[in-house]
Amino acid sequence: MVMGESEQIVERRVVPAADNLMLRTYLRMSAYLLMLVVFWGLAHRYIELGFDAQLYAFQAIAKLYPGLANDLFLQNASQDKFSVFSSIFAQFIAAFGLPRAALGLSILFTVGFYLAALDIARTLFDRDKAWLAAGIAAVIVGNYGAYAVFHYSEDFLTARSAAEFLVVTAIACHLRGAPKFAILPAITALAVHPIMAFPGFLTLAYLWLSPRKGLGAALFGIAACLSLAVLARYIPAAARAAGVMDGDWLYIVQERSQFLFPNLWTFADWELNFRPFVCLTFIALALPDRRIQRLCTAFVLVGVLGLATSLIAALVCPIAIFVQAQTWRWLWLPALMSVLLLPPTILNIWRYQPCGLICSTLMALAWTFPALDSLLCSSGALFLWMIRNRLGTREQRLLQWLAIAIILIIGIWAIGNLWTIVKAPFDTGRDPLILQTVKNFLGLQVPMVALIWLIWDRIRRL
């Protein structure tokens with residue numbers, strides 16, 4: 001009888017404790033979600049039918065009004081024949097109207113994109129680090145290519161938005177231990193936007209193969225493209241068969257779309273596109289996790305393969321299919337994964353490793369402080385990490401103080417900019433002035449990331 005009473009007392013104590021733990025978990029998750037929504041809204045602005053969204057909307061409307069199919073753009077310059085996106089978009093336009101259909105699909109793909117990115121981070125790291133990674137990825141501008149034309153998770157609806165969502169979902173399924181379920185979104189992404197989907201498909205193929213076979217396949221692909229370009233350059237019959245662009249055609253395309261040709265990129269563009277490679281190498285060296293190391297290797301190989309193919313088309317022989325494939329766009333995936341994997345990496349090393357603070361500071365600045373040379377910062381962090389065990393105690397202490405000094409200088413810079421923005425706010429007329437001021441300040445990236453970090457730290461202590 002006494003034992004029975006004791007068990008009842010223990011049960012009364014355990015059940016409320018379990019309920020409190022569950023309640024705290026739900027509150028924290030709700031706070032995390034609210035943080036993501038708020039900061040995404042501060043960092044992004046929906047552009048409705050701006051930029052390429054106009055072209056995709058026009059292609060979709062042409063599905064509803066076949067007479068528009070005679071338009072010269074749709075007949076000669078459109079990529080619509082390679083995608084099912086316009087047909088799907090057209091059905092939503094017919095049901096809800098163009099503005100609502102564009103907004104609804106944009107919200108769907110954006111939410112799905114970040115939830116899939118969160119799931120990838122959750123598979124590789126613990127829950128708190130995963131939420132921080134998703135929050136940082138939502139506000140960092142992930143540019144790739146040249147002239148700041150493209151970045152992942154655009155603020156308007158295109159087929160790229162749908163393909164990115166499907167690719168990230170496919171990778172998340174594979175990492176969850178369900179590679180068969182990854183096939184469906186991967187193939188669907190190829191049908192929606194082959195250019196954006198192909199790096200995801202190659203990543204999955206590398207993860208399915210052994211590392212040696214994956215590397216061999218990547219090298220074989222580069223060698224095959226180079227051999228075809230050499231043959232097309234020096235053998236007229238091969239040039240006709242491969243579809244080499246003639247001089248006039250090539251000149252017009254180069255004048256209109258310089259970003260298609262890596263040989264026309266600026267030095268700043270090359271720095272921007274090399275940054276993910278350096279960052280992924282740093283992550284692979286800093287985290288002794290074989291899954292993460294293999295993932296980083298896969299993303300690096302995919303990016304190298306895309307850049308190499310584009311360079312072959314630009315420098316060796318302008319084969320039309322190589323130029324039209326725009327394989328340099330494959331860099332969107334290494335850029336996204338660099339941003340997603342970097343915050344947990346910094347959390348793992350900044351306190352507990354030699355040179356951890358200075359390496360973390362330089363890597364963070366490489367993505368958040370455009371006034372500095374991003375490639376120089378990331379390369380410096382990688383170099384210091386590689387030689388950290390060769391540095392003495394004195395050198396490590398000096399580097400730690402250097403990191404603290406850099407953080408203080410950046411903090412003073414942020415405060416100075418805050419005073420300037422508050423003193424002379426810029427009024428665009430679209431938002432309340434106080435909201436515009438907040439966006440202008442947080443748009444400096446460093447304050448945005450620092451604020452997310454602080455709020456995340458408070459939430460996880462609940």
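Author: A helix axis here is a line fitted to C-alpha atoms over the stretch in contact, and angles between axes run from 0 to 180 degrees between N-to-C directions. Keep in mind that this is a predicted model.

Reader: Okay, so at what angle do the axes of α7 and α9 cross?

Author: These two come within 8 Å of each other, going by their axes. Angles under 35 degrees count as roughly parallel, and α7 and α9 are therefore put in that class. The crossing itself is roughly 10°.

Reader: Which residues of α9 meet α7?

Author: Start from the α7 side, which brings Arg160, Ala163, Glu164, Val167, Ala170, Ile171 and His174. By class, this contact has 9 nonpolar, 3 polar and 2 charged residues. The partners in α9 are Met196, Ala197, Gly200, Thr203, Leu204, Leu207 and Trp208.

Reader: And how are α9 and α14 set to each other?

Author: The axes of α9 (residues 194–208) and α14 (residues 290–316) come within 9 Å and cross at roughly 135°. Over 145 would be roughly antiparallel, and 65 to 115 roughly perpendicular. The pair fits neither class, so α9 and α14 are oblique.

Reader: What is the handedness of the crossing where α9 passes α14, left or right?

Author: Let's look at who takes part. From α9 come Pro199, Leu202, Thr203, Tyr206 and Leu207, while α14 offers Arg294, Leu295, Thr297, Ala298, Phe299, Leu301, Val302 and Leu305. Those residues divide into 10 nonpolar, 2 polar and 1 charged. As for the way α9 passes α14, the crossing is right-handed.

Reader: How many charged residues does the contact of α13 with α17 have?

Author: Here α13 (residues 267–286) and α17 (residues 356–368) pack at about 150° with axes 11 Å apart, so they are roughly antiparallel, and their crossing is left-handed. On one side are Arg275, Pro276, Val278, Cys279 and Phe282 of α13, and on the other Cys359, Met363, Ala366 and Trp367 of α17. Sorted by class, there are 8 nonpolar residues, no polar ones, and the charged count is 1.

Reader: While we're at α17, which residues does Thr361 touch beyond four places in sequence?

Author: Thr361 belongs to helix α17. Its relative accessibility is 9%, and buried means under 20%, so Thr361 counts as buried. Leaving out residues up to four places away, the ones it touches are Ala403, Ile406 and Ile407.

Reader: Is Leu333 buried or exposed?

Author: Leu333 sits in helix α16 (residues 332–349). Beyond four places in sequence, its contacts are Val167, Ile171, Pro199, Gly200, Thr203 and Phe299. Its relative accessibility is 0%, so Leu333 counts as buried.

Reader: How far apart in space are Leu333 and Leu347?

Author: Along the sequence, 14 residues separate Leu333 from Leu347. In space, C-alpha to C-alpha, the distance is 22 Å.

Reader: Now Leu115: buried, partly exposed or exposed?

Author: Leu115 is placed in helix α5 (residues 98–124). It lies 65 residues from Gly50 in sequence and 25 Å from it in space, C-alpha to C-alpha. Its relative accessible area is 46%, and exposed would need over 50%, so Leu115 is partly exposed.

Reader: What about the loop between β2 and α7: where does phi of Ser153 stand?

Author: Ser153 lies in the loop between β2 (150–151) and α7 (159–175), and with a relative accessible area of 5% it is buried. Most residues other than glycine have a negative phi. Ser153 is not a glycine, yet its phi is positive, about 55°.

Reader: Where does Gln326 lie?

Author: Gln326 is another residue other than glycine with a positive phi, near 50°. At 7% relative accessibility, Gln326 counts as buried. Its place is the loop between α15 (320–325) and α16.

Reader: Stepping back, what is the radius of gyration of the protein chain?

Author: The chain has 21 helices and 2 strands, and its C-alpha trace spans about 90 × 60 × 60 Å along the principal axes. For 462 residues the globule rule gives 23 Å, and the chain comes close to that, so it is as compact as a globular protein of that length. The radius of gyration is 25 Å.

Reader: What share of the residues counts as buried?

Author: Among contacts with a separation of 6 or more, 75% come from residues 24 or more positions apart. Of the 462 residues of the chain, the buried share is 47%.

Conventions. Residues numbered from 1 in each chain as written. Predicted model: local features only at pLDDT ≥ 70, side-chain atom pairs only at ≥ 80, totals over all residues. Heavy atoms only, no water. Helix = DSSP H or I, 4+ residues; strand = E, 2+ residues; numbered from the N terminus. Left-handed = near helix turned anticlockwise from the far one by under 90°. Contact = heavy atoms within 4.5 Å. Nonpolar A, V, L, I, M, F, W, Y, C, P; charged D, E, K, R; others polar. Rg over C-alpha atoms; globule rule 2.2 N^0.38 Å. Buried < 20%, exposed > 50% of the residue type's maximum accessible area, 1.4 Å probe, protein only.
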